[in-house]
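Student: I would like a close look at a single part of this structure. Please take me through it step by step.

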Amino acid sequence: MFKSSDVLDAMKWRYACKKFDTTKKVPEEIIDDLLQTINLTATSLGMQLLKVVVIRDQELKERFLEHAYKQQQVVDCSHLLVLCRYNSVDEVLVDEYVSRSAKTRNIDLASPKIQGFRNMVLSTVSQPNDKKIQWMTNQVYIALGNLMTACAMMRIDSCPMEGFNPRGVDELLGLHELGLASVLLFPIGYRHCEDVYADYPKVRRSISDFVVEL
Ligand SMILES: Cc1cc2nc3c(=O)[nH]c(=O)nc-3n(C[C@H](O)[C@H](O)[C@H](O)COP(=O)(O)O)c2cc1C
């Protein structure tokens, strides 16, 4: 069982890594645990309209540089994760999800409970497209939060990145053909001993300014 101070220590240890040590690789068993951890992220209605692309190939990582404002983290990291949302969601996806839920929990698909759930999900996904895109994007940010915390607890360094051109990345990875769109880049690895950002004091508001007690 973690102590609350263990979590706080991890949050203090974490920073947005600007320079990774190119000689160090995150072991694949840790990557597996991390991917399972993100897969457990809570999502709206549990629909998981997101996916994670894992990039290990050095040449492919290098091709991200031009799409990420030359931020070197995308190249020097051990693994580059691309957090993506779905491009669309339709009745077929809803039915797949509802069937999986019924099967996993051993509930009759035709039961009023499951059919009521199906109707609720269908009404949510019948919103206008721009709202749906925002809704799916929000889920990716929840996954980002979990990922940053999970990495910090495992003492894996990371950098959350919005500073890239999603169109360029989507094209590079052929994401459109996979029904996906990139939302965030998430390079992970181990900090370089010369990354000055590691020792910068955190710039945060005081707790008394940050918390509203009513
Ligand atoms: C959604 C999001 C996007 C970010 N995009 C970038 C980025 O493109 N490049 C970068 O170096 N840092 C990026 N950052 C890191 C922030 O600048 C950093 O988290 C913030 O300044 C606080 O510093 P700390 O995380 O080191 O405590 C991003 C952070 C978040 C949460």
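Student: How many of the ten residues of strand E4 (residues 180-189) are buried, and is the strand enclosed or open?

Tutor: First, the ground rules. This is a predicted model, in which local features need pLDDT of at least 70, side-chain atom pairs count only at pLDDT 80 or more, and totals for chains, interfaces and linings use all residues. Residues are numbered from 1 along each chain as its sequence is written.

Now your strand. Ten of the ten residues of E4 are buried, so the rest of the structure largely encloses this strand. A residue is buried if 20 or more other C-beta atoms lie within 10 Å of its own, exposed if 12 or fewer, and partly exposed in between; the C-beta atoms are placed from the backbone. Across the protein chain, buried residues make up 25% of the 214 residues.

Next, the setting. The protein chain has nine helices and four strands. Helices (H or I, at least four residues) and strands (E, at least two) are DSSP runs, numbered from the N terminus. Along the sequence the pattern reads α-α-β-α-α-β-α-α-α-β-α-β-α. The C-alpha trace spans about 60 × 50 × 35 Å along its principal axes.

The four strands form an open sheet. Its order is E1-E2-E4-E3, with antiparallel pairing. Two strands pair if DSSP finds at least two bridges between them. Strand E1 (50-55) and E3 are the edge strands, each pairing on one side only.

Look at the two partners of E4. Strand E2 (residues 79-86) runs antiparallel to E4, and eight bridges join them. Histidine 79 has isoleucine 188 of E4 as its bridge partner. Strand E3 (residues 157-158) also pairs with E4 in the antiparallel sense, over two bridges. There, aspartate 157 is matched with glycine 189 of E4. In a regular strand the side chains alternate between the two faces of the sheet.

E4 also feeds the largest nonpolar core. A nonpolar core is a set of buried Ala, Val, Leu, Ile, Met, Phe, Trp, Tyr and Cys residues joined through C-beta atoms within 7 Å. This one has 40 residues, and Leu50, Leu83, Cys84, Leu144, Leu184, Leu185 and Phe186 touch the most other members. E2, H5, helix H7 (129-153) and E4 each supply at least two residues of this core. In soluble globular proteins, nonpolar side chains tend to be buried together.

Follow one core residue outward. Leaving aside its neighbours within four places in sequence, leucine 144 is in contact with Leu83, Pro160, Leu184 and Phe186. Two residues are in contact if their C-beta atoms, placed from the backbone, lie within 7 Å. Such links can reach far along the chain. Among contacts between residues at least 6 apart in sequence, 81% join residues at least 24 apart.

Tyrosine 141 lies in helix H7. Its C-alpha atom is separated by 8.8 Å from that of leucine 83, although the two residues are 58 apart along the chain. Tyrosine 141 is partly exposed, with 16 other C-beta atoms within 10 Å.

Pro160 turns up again around the ligand. The surrounding residues are Tyr15, Ala16, Lys18, Gln71, Cys159, Pro160, Met161, Glu162, Gly163 and Lys202. A residue is near a molecule if its C-beta atom, placed from the backbone, lies within 6 Å of it. This shell has five nonpolar, two polar and three charged residues. Ala, Val, Leu, Ile, Met, Phe, Trp, Tyr, Cys and Pro count as nonpolar, Asp, Glu, Lys and Arg as charged, and the others, Gly among them, as polar.

Now set E4 beside helix H2 (28-39). Of the twelve residues of H2, the number buried is one, so H2 lies largely in the open. H2 reaches 16 Å from its first C-alpha to its last, close to the 16 Å expected at 1.5 Å a residue. That expected span is 1.5 Å times one less than the number of residues.

The loop between H2 and E1 holds glutamine 48. Glutamine 48 has a positive phi of about 50°, although it is not a glycine. Most residues other than glycine have a negative phi. Glutamine 48 counts as partly exposed, with 16 C-beta neighbours inside 10 Å.
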